[in-house]
Amino acid sequence: MPIPQDILAVVRPKNTVVIAYGKNKNLYAVRQRIGCRNDNGRHLPVNGPTIGHIVDGVYVPVDTSSPANVSVSPVDLKDWANVVLSDRLFADIQKELSVVYSKSDAMKIYCISILRVCNHGIRDYELKEAYENSFLSELYPGVPLSKNTVSAFLNDLGKSVSKIVQFMRNRTAAVSMDHHLLVDGTLKSDESRVNSLSDFSRKARTKGTRDISVLYAFDLEEMEPVCSKCFPGNMLDATAYKEFLSENKITQGIIVGDKGFPESAAHEYFAENPELHYLNPVKRNSKLISRHDMLDFTGILPGYEGITFRKEKCTGTEKWLYSFRDTGKAAAEERDWLRRAKKNKTYSLEALREKQKVFGTIVLECDMDLPAETAYKAYDMRWEIEIVMRFYKSACEFDETHVQDDYSVIGSEFCDFLSTLLTFRLIKAFDKARLLEKRTYKKIMSILTRAKKARLAGEDWKLIRLNPSQEELLQDLELIPKPEEPPKKKPGRPKGSKNKSVIKEPECAPPDGKRKRGRPKGSKNKPKSVTGAVDTGQS
């Protein structure tokens with residue numbers, strides 16, 4: 001309903017706007033304009049607090065002589081350290097987002113991703129309060145994050161899935177050819193019955209819930225996720241493998257997968273992209289193992305103890321096989337096998353001898369001629385992707401979706417991917433500062449949450465008082481400067497001390513009250529005393 005012209009014609013302060021409110025929109029408030037924001041090239045105004053009302057055709061200012069209610073007072077105590085550190089490590093993502101999204105949309109995605117890291121398990125309807133209570137609202141003011149705004153935004157974000165794909169492709173295009181990409185998937189609980197992604201997975205018997213499947217690519221050298229994609233919960237990893245590579249245009253690097261991502265599932269894609277290579281494990285019942293005698297180890301792996309290896313080229317192909325046997329893992333596997341055989345009463349000497357051939361072994365296939373130790377190290381480091389999935393579910397608390405339709409799931413998962421990326425940058429920063437040697441990731445984040453800044457009346461923002469150990473942590477992360485140490489005193493005599501006059505004590509009265517041994521200095525030149533009689537020996 002438009003505001004009547006007679007109301008707009010009422011004389012009021014400059015840089016203000018009239019807002020209609022009330023049940024019938026017949027009440028009018030005057031709000032101050034505090035700035036503007038850029039929305040895809042358009043400059044839109046930002047409204048501030050209400051400074052008055054229009055009553056009976058007259059502007060009536062708000063009484064400022066009495067204190068304002070606390071419900072409308074600004075927040076003067078805000079989370080600082082966790083937000084400022086996250087913004088420092090994550091600032092370059094703003095540029096990546098701005099390539100695909102408008103500035104206003106990029107800032108919404110950026111702020112949602114940071115708030116999900118700094119407030120574990122936060123729900124979408126809590127984002128606005130968390131934003132206003134953190135220093136993020138001081139760094140990037142005016143970002144709308146109300147419950148309805150976020151809900152509609154995530155839905156629209158999922159609808160424009162081509163922008164998400166373009167963002168992922170821009171990231172994969174920056175991956176160096178010699179980098180190793182670890183690919184794996186995880187399942188997230190999603191009990192929604194209105195989207196096509198939720199379905200019973202292979203773990204439905206144990207979990208008892210519907211799931212969605214999320215595939216990730218992790219750059220081993222950069223130690224951070226590169227891209228991700230959602231799939232239905234009942235889809236096998238091997239089925240989604242080719243689509244994941246092709247949609248994200250992963251065309252260079254070395255894919256290190258597990259047995260769920262065989263090369264045969266994406267053979268054509270690897271053939272079309274010669275700069276993309278693979279390093280995958282082979283199943284223990286594969287005929288390639290017996291055909292090339294891969295369990296007959298020919299040497300000890302350089303740089304490792306207790307690991308033997310064999311390297312062979314497959315006949316008529318450009319494929320290489322690498323086999324390894326770890327004696328420590330072999331003993332552990334044999335012990336577990338014997339424990340199960342005893343429990344199930346299935347022990348057999350023939351079966352044990354057959355199993356002992358494969359205990360502690362792993363066979364890898366690769367389309368590159370690599371040193372055996374390089375191939376083993378690359379696959380051994382694949383455990384890093386398991387850490388990604390663990391932090392994705394536990395540290396970030398992304399083990400369950402909280403939205404319903406397909407579009408909202410896709411949009412929310414995109415923000416979760418960025419939050420996971422930020423989490424690993426935080427881990428790298430903590431590790432660089434050697435903080436993880438004494439504290440866990442969760443403990444460090446809790447200390448950063450305690451480091452708040454307060455704004456007292458008429459003063460600037462100041463860091464609240466913390467314990468010395470907590471201040472030291474902030475200093476290690478370069479959030480606050482370290483105190484200046486006093487200059488160390490150089491060893492030895494002070495410069496010029498030899499020229500200073502020294503008052504000597506009389507030799508006849510030494511400081512300790514005892515006379516020094518020997519003739520006093522200069523006594524030969526002094527006259528002999530005549531006050532006393534001298535015994536000559538004559539009577």
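**Figure 1. Cysteines C111 and C314 in the predicted model.** C111 is buried, at 0% relative accessibility. The model shown here and in the other views is predicted. C314 also counts as buried, with a relative accessibility of 6%. A disulfide is a covalent bond between the sulfur atoms of two cysteines. The search for such bonds covered the whole structure and returned zero disulfides.

**Figure 2. The protein chain as a whole, for orientation.** The chain has 539 residues, and 42% of them count as buried. Its secondary structure comprises 18 helices and 16 strands. Take the contacts with a separation of 6 or more: 61% of them link residues 24 or more positions apart.

**Figure 3. The largest nonpolar core.** This core holds 104 residues. Which of them touch the most other members? They are L97, F324, F414, F430 and L448. Helix 16, residues 406-432, supplies the largest share of the core, with 11 residues. A second core is separate and has eight residues, among them I7, V10, I54 and Y59.

**Figure 4. L97 and its contacts.** L97 is one of the core residues that touch the most other members. It is also among the buried residues of helix 2. Neighbours within four places in sequence are set aside in this view. What remains in contact with L97 is A106, I109, Y110, F167, F414 and L418. One of these partners, F414, is itself named among the core residues with the most contacts to other members.

**Figure 5. Helix 2 and its kink.** Helix 2 runs over residues 81-100, which makes 20 residues. From first C-alpha to last, the helix reaches 29 Å. That is close to the 28 Å expected at 1.5 Å a residue. Where is the kink centred? It is centred on F90, with a bend of about 50°. F90 is buried. The other buried residues of helix 2 are A81, N82, V83, L85, S86, D87, I93, Q94, L97 and V100.

**Figure 6. L474 in helix 18.** Helix 18 spans residues 468-476 and contains L474. Buried or exposed? L474 counts as buried because its relative accessibility is 0%, under the 20% cut-off. Beyond its neighbours within four places in sequence, L474 is in contact with A81, L448, A451, L463, L466, L479 and I480. L448 sits 26 residues away from L474 along the chain, yet the two C-alpha atoms are separated by 7.8 Å. Another partner, A81, is a buried residue of helix 2.

**Figure 7. W337 in helix 12.** W337 lies in helix 12. Its relative accessible area is 12%, so W337 is buried. The C-alpha atoms of W337 and L352 are 8.5 Å apart, and 15 residues separate the pair along the chain. With residues up to four places away in sequence left out, W337 touches Y347, S348, A351, L352, K355 and F359.

**Figure 8. K229, a buried lysine with a polar partner.** K229 belongs to strand 8, residues 224-232. K229 is buried, since its relative accessible area is 16%, under the 20% limit. What does its side chain pair with? The side chain of E247 makes a polar contact of 3.1 Å with that of K229. Outside the residues up to four places away in sequence, K229 touches S213, V214, L215, E243, F244 and E247.

**Figure 9. D56, a positive phi in a strand-to-strand loop.** D56 is not a glycine, but its phi is positive, at about 55°. The residue is found in the loop between strand 3 (42-55) and strand 4 (58-61). Its relative accessibility is 77%, so D56 counts as exposed.

**Figure 10. K345, a positive phi in a helix-to-helix loop.** K345 has a phi of about 55°, which is positive, although K345 is not a glycine. Which elements flank its loop? The loop lies between helix 12 (327-344) and helix 13 (349-356). K345 is exposed, with 76% relative accessible area.

How values were computed:
Residues numbered from 1 in each chain as written. Predicted model: local features only at pLDDT ≥ 70, side-chain atom pairs only at ≥ 80, totals over all residues. Heavy atoms only, no water. Helix = DSSP H or I, 4+ residues; strand = E, 2+ residues; numbered from the N terminus. Buried < 20%, exposed > 50% of the residue type's maximum accessible area, 1.4 Å probe, protein only. Polar contact = N/O pair within 3.5 Å; in protein donor to acceptor, adjacent residues only side chain to side chain. Contact = heavy atoms within 4.5 Å. Core = buried A, V, L, I, M, F, W, Y, C linked by side-chain atoms within 4.5 Å. Expected span 1.5 Å × (residues − 1). Bend = angle between axes of the 7 residues up to and from the residue. Disulfide = S-S within 2.5 Å.
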